[in-house]
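Me: I would like to go through this model term by term, asking in each case what justifies the word that is used.

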Amino acid sequence: PTARLTIDPQFSVGPINRRVFGSFVEHLGRCVYDGIYEPGHPTADEEGFRQDVIDLVKELGVSTIRYPGGNFVSGFRWEDSVGPRAERPRRLDLAWHSTETNEIGLHEFASWLDKVDSELMLAVNLGTRGPLEALDLLEYSNIAGGSALADQRIANGRTDAFGVKMWCLGNEMDGPWQLGHRSADDYGKIASQTAKAMRQLDPSVELVVCGSSSAHMPTFGEWERVVLTHTYDDVDYISCHAYYEEKNGDLGSFLASAVDMDHFIETVVATADHVKAVVGSDKTIDISFDEWNVWYIERFHNVDKIDGIDNWPVAPRLLEDVYSVADAVVFGSLMISLLKHADRVTSASLAQLVNVIAPIMTEPGGPAWRQATFFPFALTSQLATGKALEVRLDAPTYETEVYGVVPLVDAVATHDAETGRAAVFLVNRSQGEPISVTIDVSALGEITVLDAQTLADDDVYAKNTLDEPERVALRANDSAELAEGQLTLVLPAVSWTAVSLG
Ligand code: AHR
C-alpha cells in the first residue's frame, strides 16, 4: 500500500506552544520518592535528587510540569509540605492509599525544576478545600514579600517569589473516585469563585478549569458546557484527560486511539465555542490536555490497588507500566493528534514522568532507563518547532472494532520560519505491511533530509526493562529519499517515524 501527503507552510494550523511538551509529577507511588528523589543513590546531588534522572528528564525535553497531583491533590494540604522538614507531618494519602512523608514539597520541587529547566504548573485542592486555601498558596507562591504568607516563604529560605503562572483549579472533579467529587453545577460555582479570587490577588495567572477525565464519562460534553457557563470569563483553559490501553487483544483498535483523541479535542472545542457564543465573549478558551498517555488501568485495579486500615506504605510500586513498541507507536500518534490541534491545544502534560506510567524508570540504588515511549516524546519535543501544518493526507484505511474505518497512516508536519527547518511525524497502523509514503515538499523550497528515525520492531511487544534497558530504540530510516520536491520513505508495519528537513 501507498500513501501521499503534501506539506505546505501556508497550511498552518497554528503556532506550537512549548507548553504542549509538558509533563506531570504526582506524589504517587515512586514518582517522587525513589524516582526523582533518592538521597543515598550514587548519583544523588547535595539535595538528594538523582542526577541520572535529571539528565534523562532534560534529554526528554519537557517544558511545564504539573504538580503535585492528580487525585493526590484533592486531599493535599500544601502547608504540610513547606517549612522545616523535621516538623512536616506524615499524612495518609487517601487517593493512593499511601503515606505522604512531605519530605519533598514546593521548595524542593521548585529547586528540582530549575535543574531540569522546566516551568512549574500548580494544582490547587478543590476537592476537600476551597478558595481560601487556594489564595493562601497563591500568596505564598507569588507575592514578593510584606504579607504573612510571603514572609513565611522567605523565612523558609526562598527570597524570590516562585512566580507560578499556570494553575489548575482542582483535578478531575467529574470523577466519582475524586475526593470531594461534585456535580458540574457545584464545581462550576466553586471554580468560578476560586478563579475570581485568585485573579484579584494576581491578575497574571493562567487558569485551567477541570474538563472531563475522559471522553467516555457519562457526563462528557454536558460537564464542559455547564462548567464553562459558570467560569467562561474567569479561566483560560479547560482540561482534557485521556488514557489508552490495548483491550481484549484488539491491537487494531488500540493503534487507532488517536482517532478518539482527535474526536475528544474537537468536541471540547465545539462545546467551548458554543458557550462562547451563548455568553457573548470575545475570548477563546484553549485546551490544557494535562493528562495523556497509554495506561493499563485494568492492571492497576486488578493487581496494584492497596487497601487495609493498617496498610499505608511509603512510595509503593504503583502504576509501573512497562511500555512496548506498540504502546510507543500509539503514544507517538497521540503526540501527532496534539500537534494537529496546535491552534487550540496550547498546553499538555504527559502523565507521568518517572516510574508511574512513565517514560523514565529507576531502580533504587540502581540504574535509570528510557522506556519505549521516551523516544517519540523526546524527538517530537526536539523537532516540532514553529508552527504545526495540516498535511493533505491520502491513505488507505482499515476497519477497527471500536472506531470503525480509520486511515492506516496518520501524520502532521511542522515548520519553523526562523530556522527554515521542517519536520514530519508519521504513524503506520498496519499490522501486516509496510506502507510507502510520498510527501510533496516542493512548497518548502530548497530542502534536504537531515534525519529520519523510526520506532518499529519485529516483536511489537518488545520492551525496555531493568535486565534489557536498551532492547527498544529508534533506528535510522534509510529508505528516506528526496528528489524534485518529492520525499519518499517506507513506514514499517506498526511504526512511528520522524523526518527532519532543513
Ligand atoms: O495519572 C494518574 C491519575 O490519573 C491521576 O492522579 C488522576 O488525575 C487520573 O485519574
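Reply: What follows takes up burial, helices, sheets and the ligand shell in turn.

The model is predicted, so local features need pLDDT of at least 70 and side-chain atom pairs count only at pLDDT 80 or more, while totals for chains, interfaces and linings use all residues. Residues are numbered from 1 along each chain as its sequence is written.

Me: Why is Val427 called buried?

Reply: A residue is buried if 20 or more other C-beta atoms lie within 10 Å of its own, exposed if 12 or fewer, and partly exposed in between, with C-beta atoms placed from the backbone. Val427 has 30 other C-beta atoms within 10 Å, and is therefore buried.

Me: Which residues does Val427 touch, and where does Val427 lie?

Reply: Val427 lies in strand β20, strands (E, at least two residues) and helices (H or I, at least four) being DSSP runs numbered from the N terminus. Leaving aside residues up to four places away in sequence, Val427 touches Val329, Gly332, Ser333, Ile336, Val409, Asp410 and Trp496, where contact requires C-beta atoms, placed from the backbone, within 7 Å. Val427 and Trp496 are 69 residues apart in sequence, yet their C-alpha atoms are 4.5 Å apart in space.

Me: What makes the sheet that holds β20 an open one, and which strands stand at its edges?

Reply: Its seven strands run in the order β2-β15-β19-β20-β26-β22-β23, with antiparallel pairing, and two strands pair if DSSP finds at least two bridges between them. β2 (12-15) and β23 (475-476) stand at the edges with a single partner strand each, so one side of each is left without a neighbour in the sheet. Strand β22 (residues 449-455) and β23 pair in the antiparallel sense over two bridges, and Thr454 stands opposite Arg475 in β23. Helix α10 (residues 325-340) packs on this sheet, touching β2, β15, β19, β20, β22 and β26, and its direction makes about 50° with that of β19; such angles run from 0 to 180 degrees between N-to-C directions, with axes fitted to C-alpha atoms, for helices over the stretch in contact.

Me: What is the strand order of the five-stranded sheet?

Reply: The order is β16-β1-β21-β25-β24, in an open sheet with mixed pairing. β16 (392-394) and β24 (481-483) each have a single partner strand, so one side of each lacks a neighbour in the sheet. Strand β1 (residues 2-6) pairs with strand β21 (residues 435-440) in the parallel sense over five bridges, with Thr2 opposite Ser436 in β21.

Me: How do you know that the span of helix α5 is close to the expected one?

Reply: The expected span is 1.5 Å times one less than the number of residues. Helix α5 (residues 184-201), with 18 residues, reaches 25 Å from its first C-alpha to its last, close to the 26 Å expected. What covers its buried residues includes α3 (131-142), β8 (166-169), β9 (206-209) and α6 (222-231).

Me: Why is helix α11 described as largely enclosed?

Reply: Nine of the 10 residues of α11 (residues 374-383) are buried, so the helix is largely enclosed by the rest of the structure. Among them are Phe374, Phe375, Pro376 and Phe377.

Me: What makes a residue part of the shell around the ligand, and how does that shell divide?

Reply: A residue counts as near a molecule if its C-beta atom, placed from the backbone, lies within 6 Å of it. The ligand is surrounded by Glu26, Gly69, Gly70, Asn71, Asn171, Glu172, Ser213, Glu291, Ala351 and Gln352. Ala, Val, Leu, Ile, Met, Phe, Trp, Tyr, Cys and Pro count as nonpolar, Asp, Glu, Lys and Arg as charged, and the others, Gly among them, as polar; the shell accordingly divides into one nonpolar, six polar and three charged residues.

Definitions and conventions: Contact = placed C-beta atoms within 7 Å.
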